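I opened a fresh page today to walk through this structure from sheet to pockets. Here are my notes, in the order I looked things up.

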Amino acid sequence: MPILSGLDTEALRHAARRLADDGLVAFATETVYGLGARADHDAAVAGIFSLKGRPVDHPLIVHVLDAPAAAHFGQLTPLSLRLMANCWPGPVSVVVPRRAGVATAAAGGLPTVALRCPAHPVARELLRHCQAHGVHGLAAPSANRFGRTSPTQASHVRDEFGDALTVLDGGPCEAGIESAIVDATGDRPRLLRPGSWSRERLAQLLDAPLSDAGAGPASPVPKVSGSLASHYAPDAAVHLVAAEHLTQWLAQQLAAHGPSSVAVWSRERPAVQGIHWRAMPQAAEPAAQQLFAVLRDWDSCGVSIIGVEQPPRDASWEGVLDRLQRACAPRP
Ligand code: TXA
Ligand code: MG
């Protein structure tokens, strides 16, 4: 099946029928492309784990149209309702206690479930069409093989899984990195994964600071595959390099590998001929939007070493820095 326009009514109907019948469909969201299956059928969700090659105890995010749909899957705590009222639709996933016996496979067997209400019109239209089949939520991890770079364009999904998978195209993703995941099982919000909306923005929207995953009372930190040391990795080796060391680093890499194997993503163009170079935006949001596409582009032109200028320590870069550090980490 080719890539279909996600705004075409026939394509949406076809996709919703396929999902209702326990099939898989990839679709655009404002963060990254998701690989969806109906969240209420464990057999459908099993298809995601096997296609991605993802361990079955790594829980998935369940995508819903609104808070009432979320209530099919989770027990909505006061804190989660505040998050939903202030951040939905948007790139914020909310972890709440799971309803017993519902979406067990999607939640990787955990007693909690992560719920997200996407803002992208393609994701929303798809969810609306699914509701007509009695499907209230789609489990959807990023549509890439486990541990690899997340897809931010429909063609990236096809590159990962081939033509057998239906992809609902919604153009390049606006955010470019995944949703923030906030634990709302207790009274205080904990940021389990930094995302496209910064910690400051979330704190403002909630009128409360967000603590880190490890903080807080006894509640254990659930498994988050985005928290594995190595994740979001392209084929090329990625190195974070401080701006002042970039010239020296580049000289070493060129001596070892030759110019056509080396790529650099930095604010200033290095004074070296023949290397692959892309300008890193000055602000975190456009950098996030480009990040995964830049890494993928270089993989497809055979680059083996990618140097990325260390982003500023500014808090707005937390989500981008998190992805970069994991892309750089040694592979298991
Ligand atoms: O932006 C996004 O969130 C994208 C798009 C497609 O919506 N989805 C996404 O899914 O990033 P995925 O599977 O690549 O990441 C889901 C993350 C995993 O790290 C998983 O462990 C975590 O969500 N997660 C899921 N359920 C959880 C739970 N009950 N408690 C804590 N973390 C959970
Ligand atoms: Mg992912």
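Before reading the sheet I settled what pairing means here: two strands count as paired if DSSP finds at least two bridges between them. I also kept in mind that this is a predicted model.

**Entry 1, the sheet.** I traced an open sheet of 11 strands, with mixed pairing and the order 1-8-2-3-7-4-6-5-9-10-11. Which strands stand at the edges? I found strand 1 (3–5) and strand 11 there; each has a single partner strand, so one side of each is left without a neighbour in the sheet. I then looked at one pair inside the order: strand 5 and strand 6 (residues 112–116) run antiparallel to each other, with 5 bridges. Across that pair, V94 sits opposite L115 of strand 6.

**Entry 2, the core.** I looked up the largest nonpolar core and counted 66 residues in it. V64, L83, W88, L115, L126, L168 and L202 have the most contacts inside this core. Helix 1 brings the largest share, 6 residues. A separate core has 22 residues, and I noted W265, A284, L291 and V320 among them. A reminder to myself: nonpolar side chains tend to be buried together in soluble globular proteins.

I picked V64 for a closer look. Beyond four places in sequence, its contacts include W88, L115 and L127, along with A69, A70 and F73. R116, C117, P118, H136 and G137 are also in contact with V64.

**Entry 3, helix 5.** Which residues of helix 5 (residues 121–131) are buried? I listed V122, A123, R124, L126, L127, H129 and C130. The cover over these buried residues includes helix 1 and strand 2, as well as strand 4 (61–63), strand 7 (138–139) and strand 8 (166–169).

**Entry 4, backbone oddities.** I found a cis peptide bond between W88 and P89, with omega about -10°. P89 belongs to the loop that runs between helix 4 (78–87) and strand 5 (92–97). W88, on the other side of that bond, is one of the core residues with the most contacts.

Two residues other than glycine caught my eye for positive phi. D22 has phi of about 75°, and I placed D22 in the loop between helix 1 (9–20) and strand 2 (25–27). D207 has phi near 60°, in the loop between helix 7 (199–206) and strand 11 (211–212). Are they buried or exposed? D22 counts as partly exposed because its relative accessibility is 31%, while D207, at 72%, counts as exposed.

**Entry 5, pockets.** The largest pocket holds about 370 Å³ of space. I counted 20 lining residues, with A175, S196, W197, R201 and E285 closest to the centre. Helix 9 (284–300) and helix 10 (318–328) each supply at least two of the lining residues, and helix 9 gives the most, with 4. By class, I wrote down 9 nonpolar, 7 polar and 4 charged.

The second largest pocket has about 230 Å³. Among its 13 lining residues, R145, D159, E160, R296 and D299 lie nearest the centre. Helix 9 again gives the most, with 4 residues, and this lining has 2 nonpolar, 3 polar and 8 charged residues.

**Entry 6, cavities.** I found 2 cavities of 30 Å³ or more. The second largest has about 40 Å³ of space, and W197 and R199 are among its lining residues, as are S316, E318 and G319. I sorted that lining into 3 nonpolar, 4 polar and 2 charged residues.

Methods: Residues are numbered from 1 along each chain as its sequence is written. Chains are lettered from A and ligands numbered from 1 in the order in which they are written. This is a predicted model: local features need pLDDT of at least 70, side-chain atom pairs count only at pLDDT 80 or more; totals for chains, interfaces and linings use all residues. Side-chain values use heavy atoms; hydrogens and water are left out. Buried means under 20% relative accessible area, exposed over 50%, partly exposed in between (1.4 Å probe, protein chains only). A nonpolar core is a set of buried Ala, Val, Leu, Ile, Met, Phe, Trp, Tyr and Cys residues joined through side-chain atoms within 4.5 Å. Contact means heavy atoms within 4.5 Å. On a 1 Å grid over the protein atoms alone, a cavity is a set of points where a 1.4 Å probe fits but cannot get out, and a pocket is an open set with protein on both sides within 12 Å along at least five of seven lines; lining residues have an atom within 4 Å of a point. Grid points are joined across faces, edges and corners, and a volume is the space filled by probe spheres set on the points. Ala, Val, Leu, Ile, Met, Phe, Trp, Tyr, Cys and Pro count as nonpolar, Asp, Glu, Lys and Arg as charged, and the others, Gly among them, as polar.
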